[in-house]
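Hi everyone, thanks for making time. Let me put the structure up, and then I'll walk you through a few spots on it.

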Amino acid sequence: MGLTEKVHRNADLSAHPGEIPVNYLYTMGLAGEGFFRALKDRGRLTAAACPACGTVYLPPRIFCERCFERTGKPFAVASTGTVHTFTVCHEEVDGSPKGKPEIVAAVRIDGTDGTLVHRLDGVAPGDVYIGMRVKMVLKPAKKREGNILDIMHFKPV
């Protein structure tokens, strides 16, 4: 059965051995590109606020997801925040054991309604807690590439 044929009964379905080539281009969008450019060029986090409901989006959005109003111009926000939740990873993505456990936390950034999920370093897994104050640690300016890995990790304040 070809990929363009219509199937009327699930008993007629078959498998397609091999790969199906799919070409796509992922873009960050206007708001995402501005967020990562500010992170790369100025080492700053940016957010956008909705003038109608007051929600502060980090990363910024063009339109409010709650009331559909256009948000304002992105602005710089703090590089500090609070651990909202976390997990301790003991295995690599492939299931092999990690050399040392890694903490991944959702950090609520100060002055925003947004969180960033990223590594937490400088604290032992048994010592991290919800509500812990943390700050962003960036790569050196010359090594930044304009993506989320420009943030090396967060560490306790």
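Let's start on the outside: Ile20, Val22, Tyr24, Tyr26 and Met28 make up a nonpolar patch on the surface, with a combined accessible area of about 650 Å². A patch here takes residues with over 30% relative accessible area and no salt bridge, joining nonpolar side chains within 5 Å and like charges within 9 Å. Areas are Shrake-Rupley with a 1.4 Å probe, and only the protein chains shown count as cover.

Quick housekeeping: this is a predicted model, so local features need pLDDT of at least 70 and side-chain atom pairs pLDDT 80 or more, while totals for chains, interfaces and linings use all residues. Numbering runs from 1 along each chain as its sequence is written, and side-chain values use heavy atoms, leaving out hydrogens and water.

Back to Tyr26, which sits in the segment before α1 (29-42). Helices (H or I, at least four residues) and strands (E, at least two) are DSSP runs, numbered from the N terminus. Tyr26 counts as exposed because its relative accessibility is 68%; the cut-offs are under 20% for buried, over 50% for exposed, and partly exposed in between, with a 1.4 Å probe and protein chains only.

Now the loop between β2 (56-57) and β3 (75-77), where we find Pro59. The peptide bond from Leu58 to Pro59 is cis, with omega near -10 degrees. Phe68 is in the loop between β2 and β3 as well, and Phe68 has a positive phi of about 65 degrees without being a glycine. Is Phe68 buried or exposed? Exposed, because its relative accessibility is 66%.

On to charges. A salt bridge means a side-chain nitrogen of Lys or Arg within 4 Å of a carboxyl oxygen of Asp or Glu, and by that rule there are 6. One of them pairs Arg37 with Glu33 at 3.4 Å, N to O; both lie in helix α1, 4 residues apart, about one turn. Another joins Arg61 and Glu65 at 2.6 Å. Then there's Lys98 with Glu102 at 3.3 Å, and those two belong to a salt-bridge network with Glu92 and Arg119. Lys98 counts as buried because its relative accessibility is 19%, whereas Glu102, at 23%, counts as partly exposed.

Last stop: Glu102 and Arg119 also help line the largest pocket. Which element gives the largest share of that lining? β5, with 4 residues. By class, the lining has 5 nonpolar, 1 polar and 4 charged residues.

Methods: On a 1 Å grid over the protein atoms alone, a cavity is a set of points where a 1.4 Å probe fits but cannot get out, and a pocket is an open set with protein on both sides within 12 Å along at least five of seven lines; lining residues have an atom within 4 Å of a point. Ala, Val, Leu, Ile, Met, Phe, Trp, Tyr, Cys and Pro count as nonpolar, Asp, Glu, Lys and Arg as charged, and the others, Gly among them, as polar.
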